[in-house]
Amino acid sequence: MANAIRALAMDAVEQAKSGHPGLPMGAADIATVLFTRFLKFDPADPAWPDRDRFVLSAGHGSMLIYAVLHLLGYEKMTIEELRRFRRLGSITAGHPENFLAPGVETTTGPLGQGLANAVGMAIAERHLAAEFGRDLVDHCTYVLASDGDLMEGVSQEAIALAGHLKLNKLIVLFDDNGISIDGPLSLADSVDQVKRFEAAGWAATRIDGHDPDAVAFAIEKAKLSNRPVLIACRTTIGFGAPTKAGTEKCHGSPLGADEIAAARKQLGWTEAAFEIPPDVRESWRAAGQRSKPARATWNQRLNALDPERRAEFQRRLRGELPKERLAAAVRAVKEKLVAAPKEMATRAASEVALEALTPALPEMIGGSADLTGSNNTRPKGMAVLTAPDYSGRFIHYGVREHGMAAAMNGMALHGGIIPYSGTFLVFSDYCRPAIRLAALMGCRVIHVMTHDSIGLGEDGPTHQPVEHLASLRAMPNLLVFRPCDAVETVECWQLALEAGGQPSVLALTRQNVPQLRLGHDAENRSAEGAYEIVPSDQNADVSLFASGSEVSIAVEARKFLRERGISARVVSVPCFELFRALPAAARQKVIGTASVKVAVEAAVRQGWDEIIGSDGVFVGMSTFGASAPYKDLYKHFGITAEKVAEAAMGKLKGN
Ligand SMILES: Cc1ncc(C[n+]2csc(CCOP(=O)(O)OP(=O)(O)O)c2C)c(N)n1
C-alpha cells in the first residue's frame with residue numbers, strides 16, 4: 001500500500017517535470033499506517049467537524065497527500081488530477097492548497113507554518129471540547145513535519161506553546177531523514193530534536209519510520225499521552241530509488257525514466273504509470289471507509305442534542321455570525337459613545353468594543369503576544385485559556401508573534417472560532433508569513449495592532465511603524481483598518497468580523513484622539529473604506545484625506561484654511577481595500593473635484609497616490625521616527641495642522 005504512494009509520487013512528478021518525490025517516497029510507510037489504521041475521517045464528508053486533522057507541514061511533499069486522498073477515495077482527487085499535478089486549473093497545486101482540494105486542511109509550503117497551524121487546530125479542539133463536550137468534539141491533530149519545518153524559528157514558538165498548554169492530542173510525526181536541499185543535515189544542523197521537544201514539555205520518541213509496527217505502536221502510545229507527542233521517524237528520503245535514495249538528489253526534482261524503472265523493480269511494483277493493482281486499491285478504499293460508523297454515531301449524538309444547542313454548534317462550525325446579536329452590540333456601543341463623546345486612544349476604544357462584542361460572539365477567542373495591557377485585547381471578565389481549563393477565551397501567547405499568527409490561522413481553519421490577538425503594529429513583520437497565508441487561504445483572523453505610528457512616542461524608532469501600513473496594504477485579500485476615533489473603531493471591528501473570507505489588521509493608536517463622529521449613524525460609515533467626515537462650506541478648494549490619528553489633524557487644518565478663506569473638506573480613509581472595492585463612480589465622488597488634494601498619514605506615502613494622484617501633496621513620514629514625547633515628534637516631523645494647511649496653500653498658489 002505504501003508503494004502505491006511511492007509510485008504515484010514518482011509518476012506525477014515525472015509527468016509534471018517538476019515536484020518533490022523524495023518526501024512522499026520516504027514517508028509513505030508512516031502515512032500508510034496513519035491513514036489506514038488511525039486517522040478518523042470520511043472521504044464522503046471531508047468537512048465532518050469531528051474528523052482528525054492531518055497537516056502536511058512539509059508542503060513540498062504535496063504528492064504524498066494527493067496520492068493518499070486519491071487512494072482513500074476522496075471524490076475530487078481523481079487520477080486525472082494526479083496526472084495534472086502542478087498544471088493550471090488542477091486541484092493538485094505545487095504545494096497543497098486547502099481551498100482547492102477537499103481533505104487538505106491547510107495550505108503549506110512555507111516551512112514551519114503547518115506545524116504552527118496545527119497547534120492552533122489543537123487549541124481549537126480542546127476549547128470546543130470544553131465548551132460543547134467530548135461527545136461532539138474529540139479528535140486528534142496529526143502533523144507530518146520535515147527537517148526544514150523543525151529548523152524554522154516559528155517551530156520553536158509553536159512547540160513551546162503546545163508544550164505549555166499540554167496539547168496532548170497533538171501528535172507530530174517527524175520525517176527524520178537527515179537530508180535537506182543542500183545535502184546532509186549535518187551541514188547546518190546538529191540539534192537533538194527529541195531532547196528539544198522534551199525540553200518544551202513534550203513526550204518524544206525515536207523509531208524506524210519504515211517499520212509499520214513501530215509506527216503503529218508509537219502512535220498508539222502517543223494517543224495515551226498527557227502531553228503533545230513527537231515521534232521522530234528515521235526514514236530514507238526517496239526510499240526505493242536505487243541510486244538517489246538517501247541523497248538530496250531526490251528531494252526536489254523528477255527521478256528520470258531510468259531511475260523510476262529501476263525503482264519499480266526494486267519495490268516490486270510492476271504496474272504502468274498511474275496504475276494501481278486492484279487489490280491494493282481495494283485495501284486503500286476499505287481504509288477510507290473505516291470511520292463511517294464513527295461518523296454515523298457522531299451524527300446521532302448531534303441529532304439527539306437539544307435543538308438550540310445543536311443549532312448553536314452548527315452555526316459556529318459554519319462560521320456564521322449571530323447577526324442580530326452583533327448588530328445590537330455595535331449599536332449599543334455607538335450609542336454609548338455618541339451620548340458621552342470622549343477623547344480616547346483607539347486601542348482603548350477597541351477594548352470598549354470588545355466588551356460588547358465578545359459576550360455577543362462566544363466564538364471570539366482573544367489573545368496577545370505578551371502585550372495584553374498595551375493592546376487592550378482582554379476585556380474585563382474574559383477568562384484565560386489554560387492547560388487545566390481550556391474553556392477560557394483569552395490566550396497568553398507569550399512573546400511569540402509568529403507562532404501566534406500561525407496558530408490563529410489553525411484555529412480559524414479548524415472552525416468554530418474567530419481568533420483575534422494583539423501585538424504592536426511594528427511587529428506585524430514578525431507575523432507577516434502567517435498573515436500572508438491567512439490572506440491566501442481566506443482565514444477570518446483579526447490582528448489588533450496597536451502603537452500604530454510615531455504617536456507611540458518615547459519607545460522610539462525601533463517601535464514606530466513607518467512602512468508597515470503600506471506593506472500590509474500591498475498584500476492581496478488583507479483588510480487593513482486604521483480608524484480615526486472610537487466610533488470608527490467599533491465600525492471597523494464590525495467590518496472585520498463580517499469579512500468572512502478575509503483576515504484583518506486593526507491599526508490602533510496608543511495616544512488619545514478626539515471623537516470626531518458625534519451624531520449617531522445607524523449605518524456603518526466605514527464600510528465604504530473612505531467617506532467625507534467633514535464637508536466643506538462651499539465648493540471645496542482643497543480635499544484633505546487622512547487615516548487614524550491624522551484625521552483630527554486634517555480637521556484642524558481645515559479650520560486653519562477656513563480662517564484664511566479657503567474651503568476644504570476632510571475625508572477619513574479607514575480602509576483602502578474597501579474603498580478600492582467601490583465602483584469607480586462612487587470612488588470618484590469621495591475623491592471629489594477640489595483642485596488640491598492632500599493626504600496626511602504618519603507613515604510613508606506609498607499607496608496614497610491612488611487617492612491623491614501623483615501630483616497630490618503628502619504630509620507624513622519619509623524616514624524612521626525618533627524617541628521623544630509624541631507631540632514633539634509630530635512637530636519635529638511636520639505632521640501638524642499648520643503644516644498641512646501650509647502645504648495645501650502652497651499647492652493652491654502653485655496652481
Ligand atoms: C520558509 C521556507 N524556506 C525555504 C523553503 C524552500 N525549501 C523547500 S523544502 C526545503 C528543505 C528541504 O529539507 P527537508 O525539510 O528536510 O525536506 P526533505 O528534503 O526531507 O523533503 C527548503 C529549504 C520553503 N519551502 N519554506
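## Cysteines without a bond

A disulfide here means a pair of cysteine sulfur atoms within 2.5 Å. With that cut-off in hand, take C484: the closest cysteine sulfur sits in C492, 8.6 Å away, so the two are too far apart for a bond. C575 tells a similar story, because its closest cysteine sulfur, also in C492, is 7.2 Å off and again too far for a bond. Searching the whole structure turns up zero disulfides. Keep in mind that this is a predicted model.

How accessible are these two cysteines? C484 has 2% relative accessibility and counts as buried. C575 is buried too, with a relative accessible area of 0%.

## Around the ligand

Now for the ligand. It is surrounded by 15 residues, and the closest are H60, S146, G148, N177 and H251. By type, the shell splits into six nonpolar, seven polar and two charged residues. Two elements, α6 (147-151) and β4 (179-180), each supply at least two residues of that shell.

Some contacts can be pinned down to atoms. In D147, a side-chain N or O atom is 3.1 Å from an oxygen atom of the ligand. G148 uses its backbone instead: one of its backbone N or O atoms lies 2.7 Å from a ligand oxygen. I179 also comes in through the backbone, with an N or O atom 2.8 Å from an oxygen of the ligand. As for cover, the ligand on its own has 580 Å² of accessible area, and the protein covers 74% of it.

## Strand β2 and its neighbours

Is strand β2 enclosed or open? Five of the five residues in β2 (residues 141-145) are buried, so the strand is largely enclosed by the rest of the structure. Its side chains split between two directions: T141, V143 and A145 point one way, while Y142 and L144 point the other way, and all are buried.

β2 has a partner in strand β1 (residues 53-56), joined to it by four bridges, and the two run parallel. In that pairing, L56 stands opposite L144 of β2. Strand β3 (residues 170-176) is another partner: five bridges link it to β2, again running parallel. Here F174 in β3 is the bridge partner of A145.

## Positive phi outside glycine

Two residues are worth a look for their backbone angles. K17 has a phi near 60 degrees, which is a positive value in a residue other than glycine. You'll find K17 in the loop between α1 (2-16) and α2 (22-38). With a relative accessible area of 63%, K17 is exposed.

H451 also has a positive phi, about 60 degrees, although it is not a glycine. This one lies in the loop between β12 (446-450) and α19 (468-473). Is H451 buried or exposed? Its relative accessible area is 5%, so H451 is buried.

## Three more positions

R510 sits in the loop between β14 (504-507) and β15 (512-513). Its relative accessibility of 35% makes R510 partly exposed. How far is R510 from G457 in space? The two are 53 residues apart in sequence, and their C-alpha atoms are 8.8 Å apart.

P433 belongs to helix α18 (residues 428-441). Like any residue in the partly exposed class, it falls between the buried and exposed cut-offs of 20% and 50%, and its own value is 35% relative accessibility. From the C-alpha of P433 to that of I91 is 23 Å, with the two positions 342 residues apart along the chain. V644, in helix α26 (residues 641-654), is buried at 0% relative accessibility. V644 and A406 are 238 residues apart in sequence, and 40 Å separates them in space, C-alpha to C-alpha.

Note on methods: Residues numbered from 1 in each chain as written. Predicted model: local features only at pLDDT ≥ 70, side-chain atom pairs only at ≥ 80, totals over all residues. Heavy atoms only, no water. Near = heavy atom within 4 Å. Polar contact = N/O pair within 3.5 Å; in protein donor to acceptor, adjacent residues only side chain to side chain. Areas by Shrake-Rupley, 256 points an atom, 1.4 Å probe, with all protein chains shown as cover. Nonpolar A, V, L, I, M, F, W, Y, C, P; charged D, E, K, R; others polar. Buried < 20%, exposed > 50% of the residue type's maximum accessible area, 1.4 Å probe, protein only. Pairing = 2+ DSSP bridges.
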